[in-house]
Amino acid sequence: GADAGKSPISIDENVSILRKQWKNLKNSDGKEEWFIIGISLGGMIALKWIELYPEDFKNAFIINSSASNCSSFYQRLSPKVIVKTFAHFLRNDPHR
């Protein structure tokens, strides 16, 4: 598990930690239906969570996320962004 102040390094570890926290909240809340919203990295975590535990949420909303099993990287990134990204790696200016 992650120590205080340290972020988990894997999607699975994020799901495990967040689900433990959620279960405590869920038990104290008493609500029956839950929804999950994930943005960007949070979307990848939400997708893994509902893959592993589909019964936890009634619905999931994923915004600006990426799923490698749905499309290849070149379909998820525009050619302009790919070129800009590689151009940054070729520069010798560490501030850029």
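## A buried aspartate and its surroundings

At 8% relative accessibility, Asp 56 is classed as buried (buried means under 20% relative accessible area, exposed over 50%, and partly exposed in between, with a 1.4 Å probe and protein chains only). This is a predicted model, in which local features need pLDDT of at least 70, side-chain atom pairs count only at pLDDT 80 or more, and totals for chains, interfaces and linings use all residues. Residues are numbered from 1 along each chain as its sequence is written, and side-chain values use heavy atoms, leaving out hydrogens and water.

Let's start with the layout. The chain has four helices and two strands, and from the N terminus its elements run α-β-α-β-α-α. Helices (H or I, at least four residues) and strands (E, at least two) are DSSP runs, numbered from the N terminus. Of the 96 residues in the chain, 16% are buried. The accessible surface is about 7,800 Å², and carbon and sulfur atoms own 55% of it; such areas come from the Shrake-Rupley method with a 1.4 Å probe, and for residues only the protein chains shown count as cover.

Contact here means heavy atoms within 4.5 Å. Among the contacts with a separation of 6 or more, 48% join residues 24 or more positions apart.

Back to Asp 56, then. Where does Asp 56 lie? You'll find Asp 56 in the loop between helix 2 and strand 2 (59-63). The side chain of Asp 56 makes a polar contact with the side chain of Arg 19, at 2.6 Å. A polar contact is a pair of N or O atoms within 3.5 Å; within protein, one must be able to donate a hydrogen and the other to accept it, and residues adjacent in sequence count only if both atoms are side-chain atoms. Setting aside neighbours within four places in sequence, Asp 56 is in contact with Arg 19, Trp 22, Trp 34 and Trp 49.

Trp 49 has a list of its own: leaving out neighbours within four places in sequence, its contacts include Val 15, Leu 18, Pro 54 and Phe 57.

Now for the core. In soluble globular proteins, nonpolar side chains tend to be buried together. The largest nonpolar core in this chain has eight residues: Val 15, Trp 22, Trp 34, Ile 36, Ile 45, Ala 46, Trp 49 and Phe 57. Helix 1 (11-29) and helix 2 each supply at least two residues of this core, and helix 2 gives the most, with three. A nonpolar core is a set of buried Ala, Val, Leu, Ile, Met, Phe, Trp, Tyr and Cys residues joined through side-chain atoms within 4.5 Å.

Some nonpolar residues sit on the surface instead. Phe 35, Ile 37, Ile 39, Phe 61 and Ile 63 form a nonpolar patch there, with about 500 Å² of accessible area together. Strand 1 and strand 2 each supply at least two residues of the patch, and strand 1 gives the most, with three.

Here are three residues from this part of the chain:

| Residue | Place | Relative accessible area |
|---|---|---|
| Ile 37 | strand 1 | 59%, exposed |
| Ile 39 | strand 1 | 53%, exposed |
| Ser 40 | loop between strand 1 (35-39) and helix 2 (41-52) | 38%, partly exposed |

The C-alpha atoms of Ile 39 and Ser 65 are separated by 6.2 Å, although these residues are 26 apart along the chain. Ser 40 has a phi near 60°, a positive value in a residue other than glycine.

Methods: Patch = residues over 30% accessible without salt bridge, like charges linked within 9 Å, V, L, I, M, F, W, Y side chains within 5 Å. Salt bridge = Lys/Arg side-chain N within 4 Å of Asp/Glu carboxyl O.
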